[in-house]
Amino acid sequence: MAVSHRSTGSVAGGILSAVGNTPLVDLASLAPVPGARVLAKLEMLNPGGSAKDRAALNMLLDKIRRGELRPGVSVVVESSSGNLAIGLAQVCRYFGLRFVCVVDARTTEHNVAILRAYRASIEIVTEKDPETGAYLPARLRRVRELVENTPNAYWPNQYANPLNAQAQEQTMREISTALDGRVDYLFCATSSCGTVRGCSDYVRRHGLPTVVVAVDAAGSQIFGQDRKAGNRLIPGYGSAFRPPLLEQDTVDEVVHVSDLDCVVACRRLMEQEAMLVGGSSGATVAAMAAMRDRIAPGATCVAIFPDGGDRYLDTIYSDSWVAEHFGDVASLWTDPRTALEMV
Ligand SMILES: Cc1ncc(COP(=O)(O)O)c(C=O)c1O
């Protein structure tokens, strides 16, 4: 299919023009303290289904405009088993670029099927890195090999690419504009740290009074290799290393959320707000509850919800999966007396 007609003007066209400007909704039942206001930024409503659509588009668009990435010639290679992969697959399909996605054995069949539908090529890494016991270093090694051996290959490298973070400054601009700059707390799940870095850069540059809270998975190594590395069940947030995008003063607070608290918060969002959200969205709500002793009545808290729950139907929203990993815990979200008491 010829794609040379694609507009690469100041705004990407077609489906890509729907990236960004996501809704910000009030979630009254989640107020961590009386009088506080909680809002969620619904990033699952981006066209590829997640916050990472913004990063995918921003990391490629400039190079496409400048002719450095060319339809039918260039090959984009990236390591991602989830949302960034889907975002890149969409942008690459739109512009007629080949996309090789390096995933690992834990990548869900659902995500692989989406990637194949966008006609991405899939490279599956099956062996963990022997030194760290994690897949990520092994995946990054495979990316480097592919880039070296593939003519016209380009690796966006989400972990170190400033354009990943820059894309998310727009997210914070949208939040701040909607609330006239009155954001007391921002809860932001972390992996490459593009989202938290971009939002934090915007907050600092505009002198907003916002406390930037990074929400990480228990067992993740982002905020210190000295923390015990652990097996993490919920994909999407957390990382086996500290990404270069994270700088010393990027975040004001860090909250680590266990897999169980993450699941309970997701299930509770379904019970109380009829929202089918991804794991890291639940984690931001669990983090807000964990910090409630420090949140003033009347504070405005914003949580970024990176993706939707349809990518977690076999895990977080599967009763048998939950029972297998945590036992009989359903009362934690069905019993109204336990509301917001679990962290
Ligand atoms: C579901 C989900 N939540 C949170 C994040 C973290 O975002 P970032 O990579 O910008 O730190 C990601 C990143 O892929 C994600 O897929």
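Biologist: Which backbone atom of Gly 194 lies 3.4 Å from an oxygen atom of the ligand?

Modeller: A good place to start! This is a predicted model, and in it a backbone N or O atom of Gly 194 sits 3.4 Å from a ligand oxygen. Side chains take part too: an N or O atom in the side chain of Thr 195 is 2.5 Å from an oxygen atom of the ligand, and a polar side-chain atom of Ser 280 is 2.6 Å from a ligand nitrogen. On its own the ligand has 390 Å² of accessible area, and the protein covers 95% of that.

Biologist: How many residues surround the ligand, and of what kinds?

Modeller: There are 14, and the closest are Lys 52, Ser 191, Ser 192, Thr 195 and Ser 280. By kind, the shell has four nonpolar, eight polar and two charged residues.

Biologist: Now a helix. How should I read which residues of helix 4 are buried?

Modeller: Here is the general idea. An α-helix has 3.6 residues a turn, so residues three or four places apart point the same way. In helix 4, the buried residues include Leu 136, Arg 139, Leu 140, Val 143 and Leu 146. Among the elements covering the buried residues are strand 3, strand 4 and strand 5. The helix runs from residue 135 to 149 and reaches 21 Å, close to the 21 Å expected.

Biologist: And Ala 214 in strand 8: is this residue buried or exposed?

Modeller: Ala 214 counts as buried because its relative accessible area is 0%, and buried means under 20%. Leaving aside residues up to four places away in sequence, Ala 214 touches several others, including Cys 188, Val 196, Phe 223 and Val 251.

Notes:
Residues are numbered from 1 along each chain as its sequence is written. This is a predicted model: local features need pLDDT of at least 70, side-chain atom pairs count only at pLDDT 80 or more; totals for chains, interfaces and linings use all residues. Side-chain values use heavy atoms; hydrogens and water are left out. A residue is near a molecule or strand if one of its heavy atoms lies within 4 Å of it. A polar contact is a pair of N or O atoms within 3.5 Å; within protein, one must be able to donate a hydrogen and the other to accept it, and residues adjacent in sequence count only if both atoms are side-chain atoms. Accessible areas come from the Shrake-Rupley method with a 1.4 Å probe; for residues, only the protein chains shown count as cover. Ala, Val, Leu, Ile, Met, Phe, Trp, Tyr, Cys and Pro count as nonpolar, Asp, Glu, Lys and Arg as charged, and the others, Gly among them, as polar. Helices (H or I, at least four residues) and strands (E, at least two) are DSSP runs, numbered from the N terminus. The expected span of a helix is 1.5 Å times one less than its number of residues. Buried means under 20% relative accessible area, exposed over 50%, partly exposed in between (1.4 Å probe, protein chains only). Contact means heavy atoms within 4.5 Å.
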